[in-house]
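User: Please take a close look at a single helix of this model and describe how it sits among its surroundings. A connected account would be preferred.

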Amino acid sequence: MSNIAILTPAHDYWENWSLPKAHYERLLGPDLSFRPWTDPGDLSQFDLILPLLAWGYQRDVTAWFALLDKLEAEALPLANPAKVLRWNSDKAYLAELTEAGVASVPTLIRESMNDAALESARAIFESPRLVVKPPISGGADGTYLIGPSDPLPADAVGKRMLVQPYLPAIADDGEYSLFYFGGRYSHAISKHPAQGDFRVQEQFGGVERSIYAPADARALAETAMVAADRLLGCGTLTYARVDMVRDGEGTFRLMELELIEPSLFLHFAPDEGALFANAVKASNQADR
């Protein structure tokens, strides 16, 4: 495959990315160039740039948006497009998808979070437990589950935050992730938090299982991607991960549409990632 760069975490980012790196080398060839997104150097020599490991961008948002601006201004071949990455960086996009008819987890955006905003959200959602998180986040950074008598965490006070009701299904049924490459369905997993936690990430003890995606889960995923295309005019995306959870009535609701740097869990794909590799190849050829 042609000359490809993959953007990676900064050198001081602690999360282990050796497994996805091995998958990408296996599928895309051993000559990939892995460049930290914080200091990628000259990218003009590459036929395609994949931001698939640009983990931690939420910790330096100014630098992240500056990089996207630079890549876009220089018209460098980026998958997915810079306008998609920019839009997807701020989870306020959930409000746009909801307005477009996508069944999403109910979400409030509070420009300056305080105790009054917390109590208001409890009343609006009629939920004693709330999830509060930054709109630009990743890996559950700054994300809290707040009980009926819990105070607002100090580091959330005065900040722009998202507030959502806690959906108990995540503890028993799990969070579902569906994967699409070049617009085609590949595989699905469910992610389950450790006992007593609500976060499904591996670093907090979460575990993943391969699953068969129910028809209503696939319908929601595809509705979300169609809505994103209508909003952005982005066409078929090289890759997408669609995260969702069931509500109290058993209806799937979108949690996140991951279009920047999602873990793709290719070891769960029945074809071991061949569909992903083909989508990257097609994107590579389209950008020439």
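Analyst:
**Helix H3 and its surroundings**

Helix H3 is mostly covered, since 6 of its 8 residues are buried. The structure under discussion is a predicted model. The buried positions of H3 are Ala-82, Val-84, Leu-85, Trp-87, Asn-88 and Ser-89. These buried residues pack against both helices and strands: helix H2 (61–73), helix H4 (93–99) and helix H7 (215–232), together with strand S11 (239–246) and strand S12 (252–258).

Asn-88 merits separate attention. This residue belongs to helix H3, which covers residues 82–89. Asn-88 has a relative accessible area of 4%, and therefore counts as buried, because the cut-off for that class is under 20%. Leaving aside residues up to four places away in sequence, Asn-88 touches Tyr-93, Leu-257, Glu-258, Leu-259 and Ile-260.

A separate part of the model may be set beside this helix. There, 4 strands form an open sheet in the order S4-S7-S5-S6, with antiparallel pairing. Strand S4 (108–110) and strand S6 (144–146) are the edge strands, each pairing on one side only. From one strand to the next, the twist averages 30°. Strand S5 (residues 130–133) pairs with S6 in the antiparallel sense over 3 bridges, and Val-132 stands opposite Tyr-144 in S6. Helix H5 (residues 115–125) lies across S4, S5, S6 and strand S7 (161–165), and runs at about 170° to S4.

Methods:
Residues numbered from 1 in each chain as written. Predicted model: local features only at pLDDT ≥ 70, side-chain atom pairs only at ≥ 80, totals over all residues. Heavy atoms only, no water. Helix = DSSP H or I, 4+ residues; strand = E, 2+ residues; numbered from the N terminus. Buried < 20%, exposed > 50% of the residue type's maximum accessible area, 1.4 Å probe, protein only. Contact = heavy atoms within 4.5 Å. Pairing = 2+ DSSP bridges. Axes fitted to C-alpha atoms, helices over the stretch in contact; angles between N-to-C directions.
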